[in-house]
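Work through the exercises below with the model open. Try each task before reading its solution.

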Amino acid sequence: MTKARMSKDRLKSLFETLKGDYRIVGPKIVQGTVILNEIDFDDMPAGSRDRQGPGTYRIDRAGSSDIFSFSVGPHSFKQFLLPSVQETLAFKKSKKGISVNRVLVREKPIAFIGVRACDIAALRLLDKIFLEGPVVDPFYEDKRKDIVIIAVNCLYPGENCFCDSMGTGPEATSGFDIALTEFGDDFFLEIGTAEGEEILDGIPLKEVDDRDIEEKGAAIFRCKEMIRKAMKTADLPGILYRNLEHPRWDEIASRDLECGNCTMVCPTCFCNSSYDRLPISGISSDLTERSGMRVRTWDSCFSKNFARVHGGNFRPSRRARYRHWMTHKLAYWIDQFGSPGCVGCGRCITWCPVGIDITHELEELRIVR
Amino acid sequence: MYDKSLPFEATIKWIKKETRDTASYAVKINDREMQKIYSFKPGQFNMLYFPGVGEAAISISSGPSDHDLIHTVRVAGDVTTTLSKLNSGDVIGLRGPFGKGWPMEETETRDLMIIAGGAGIAPLRSVIRHIFTSRKGCTNRVIIFYGAKTPKDIIFRDEFPHYRDLFQVFLTVDKADPEEYWRGHIGLVTSFMGKVSYDSLNITAFVCGPEIMMRSATRELLSKGVPREKIFLSMERNMNCGMGICGHCFFGPKFVCKDGPVFRFTDVEEFLEIKEV
């Protein structure tokens with residue numbers, strides 16, 4: 001991997017280079033939260049720090065000289081590669097018959113700026129679902145294929161981050177075009193792809209020496225030292241499979257609000273539902289013709305209807321729905337794809353209104369009652 | 001491989017009312033090219049689509065070499081209700097086939113026991129038709145147990161006399177009204193199974209029906225010494241996409257749509273007895 005240094009003010013030129021061919025998506029503060037949005041260089045919340053806790057998120061203006069001194073907010077890749085509402089088919093039913101056509105809207109590919117290691121790990125998991133199954137999802141593939149990833153190595157972990165224990169961060173080691181590490185007035189650059197080289201073409205870079213590489217390693221090490229939370233992954237998935245009837249599930253259900261926030265902010269939660277949206281205007285006055293859109297929307301296993309079939313519901317209780325979510329993340333994923341469906345970003349803890357902490361609940365399951 | 005996320009048009013050729021709430025729909029794929037490449041295995045399912053209403057996962061009830069592609073549908077939700085109002089000549093959307101079917105290779109050198117409950121007979125009829133049409137005169141024993149609520153609820157009732165030529169067929173109902181003419185058995189399928197003798201070590205069992213019935217049938221088979229790995233179950237879940245990207249149909253760590261719907265008992269047994277998994 002090619003390494004280099006780049007003066008921080010060159011990041012702005014990088015934006016200019018990317019603007020022609022890409023939509024640039026990166027961090028921006030909206031309503032007191034760092035979200036991902038289409039941005040310009042000046043939109044980035046440079047110097048901001050967030051404070052996160054179970055059910056807590058606040059932003060401080062810390063006056064740090066670092067640009068990326070905040071940690072992950074509620075958004076991730078899925079907002080863009082797997083939109084919460086995706087029109088998939090245009091349907092028309094007339095007296096003559098039916099027609100069903102694919103809706104594929106060609107848009108400029110996205111260049112993601114400031115992507116964290118945990119989200120790159122999450123992207124790998126989404127790829128397994130949408131690209132590597134028996135059927136490739138054309139919508140995800142179309143949005144995914146030409147993206148550019150400019151990663152940032154985290155130097156200040158959030159209070160709910162536990163990527164180190166999941167082996168997914170805080171350092172981005174692959175899966176990016178360019179990775180940035182903030183070094184005072186410079187970025188330490190790692191260039192992962194030919195695409196990355198091309199983007200940097202024309203931007204003056206400085207050579208790196210062994211001391212720089214050492215310094216980068218030390219910065220990552222300091223960040224790891226600051227991470228307070230850990231998931232004890234020993235005995236996954238077995239610990240869940242052996243405890244499907246553990247009394248702790250009832251205790252969690254007594255606090256759980258079934259709001260589904262955890263599934264909305266989780267970067268690997270991919271569940272969705274497709275249905276036909278038939279507007280009044282799509283129905284002809286004699287009722288013989290109807291046209292509309294088939295849409296795919298995010299869904300959540302916390303929703304009561306999620307596992308409903310005619311004549312019954314496979315998971316009618318709140319206890320079963322929480323158990324399903326957590327068991328999917330920490331056990332089923334391992335059986336299905338070889339690694340947990342949790343990347344340690346901590347979003348589900350921060351955005352849970354009652355602060356349910358998946359790392360803590362796993363420890364509770366280890367206690368024999 | 002064609003695009004399985006896009007429904008193609010199919011025309012209803014004929015409809016046969018099977019019971020008060022169930023009917024069989026023979027459909028013909030409109031596109032000639034698609035007609036040639038479309039093929040399925042017994043136990044697979046299609047997503048049937050009615051524009052403006054939605055999609056439903058429906059198992060294929062005809063055999064792979066049968067002339068017609070048939071879906072047997074019980075009226076349950078929006079889509080199946082809409083289907084029940086259609087006539088021959090109407091056009092619907094169809095995607096598929098999806099899932100892994102019944103392991104027919106497991107029946108080649110072994111006796112086959114088919115155990116069905118209610119609408120669970122539909123994917124198993126595909127097996128019955130497959131053997132009936134392609135292996136006439138085969139020496140392996142085929143035993144069919146089928147249980148329905150009442151004699152009026154027996155799907156394909158008119159067909160079983162033919163199947164008796166080649167197979168042993170045992171029909172049973174939960175209850176029969178006195179005024180109905182019913183010579184058959186009354187009681188659960190599982191209570192019936194114990195009364196028939198079979199070579200349990202040489203049995204491959206295909207089971208489809210309500211989960212409670214599949215659990216008790218499996219217990220009965222195991223108690224008779226049928227090998228655990230020779231029992232296969234077809235699970236029902238609410239498939240929404242059919243291809244492993246929507247997350248609705250999980251049964252434990254299995255995607256019922258792409259890993260199933262047919263599972264080897266030993267692959268799912270640890271989850272069968274757990275409620276709301």
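**Exercise 1: domains of chain A**

Chain A of this predicted model is divided into domain 1 (2–83 + 105–226) and domain 2 (238–273 + 302–365). Find how far apart the C-alpha centres of the two domains of chain A lie, and how many residues each domain gives to the contact.

Solution. Step one: take the C-alpha centres. Those of domain 1 and domain 2 of chain A are 27 Å apart. Step two: list residue pairs whose C-beta atoms, placed from the backbone, lie within 7 Å. Domain 1 of chain A contributes 28 residues, and domain 2 of chain A contributes 22 residues.

**Exercise 2: the domain 1 side**

Which elements of chain A each supply at least two residues of the side of domain 1 that touches domain 2? Then sort this side by class.

Solution. Step one: map the residues onto elements. β5 (56–61), α3 (117–130) and α5 (163–166) of chain A each supply at least two. Step two: rank the shares. α3(A) gives the largest, with 8 residues. Step three: sort by class. This side of domain 1 of chain A holds 16 nonpolar, 9 polar and 3 charged residues.

**Exercise 3: chain B against chain A**

Count the residues of chain B and of chain A that are in contact. Classify the chain B side, then check the predictor's scores.

Solution. Step one: count. Chain B places 30 residues in contact with 41 residues of chain A. Step two: classify. The side of chain B that touches chain A has 13 nonpolar, 11 polar and 6 charged residues. Step three: read the confidence. Chain B has an average pLDDT of 93, and 98% of its residues score at least 70. For the complex, the predictor gives an ipTM of 0.90 and a pTM of 0.93.

Key: Residues numbered from 1 in each chain as written. Chains lettered and ligands numbered in written order. Predicted model: local features only at pLDDT ≥ 70, side-chain atom pairs only at ≥ 80, totals over all residues. Domains from an automatic or database assignment. Contact = placed C-beta atoms within 7 Å. Helix = DSSP H or I, 4+ residues; strand = E, 2+ residues; numbered from the N terminus. Nonpolar A, V, L, I, M, F, W, Y, C, P; charged D, E, K, R; others polar. pLDDT = per-residue confidence, 0-100.
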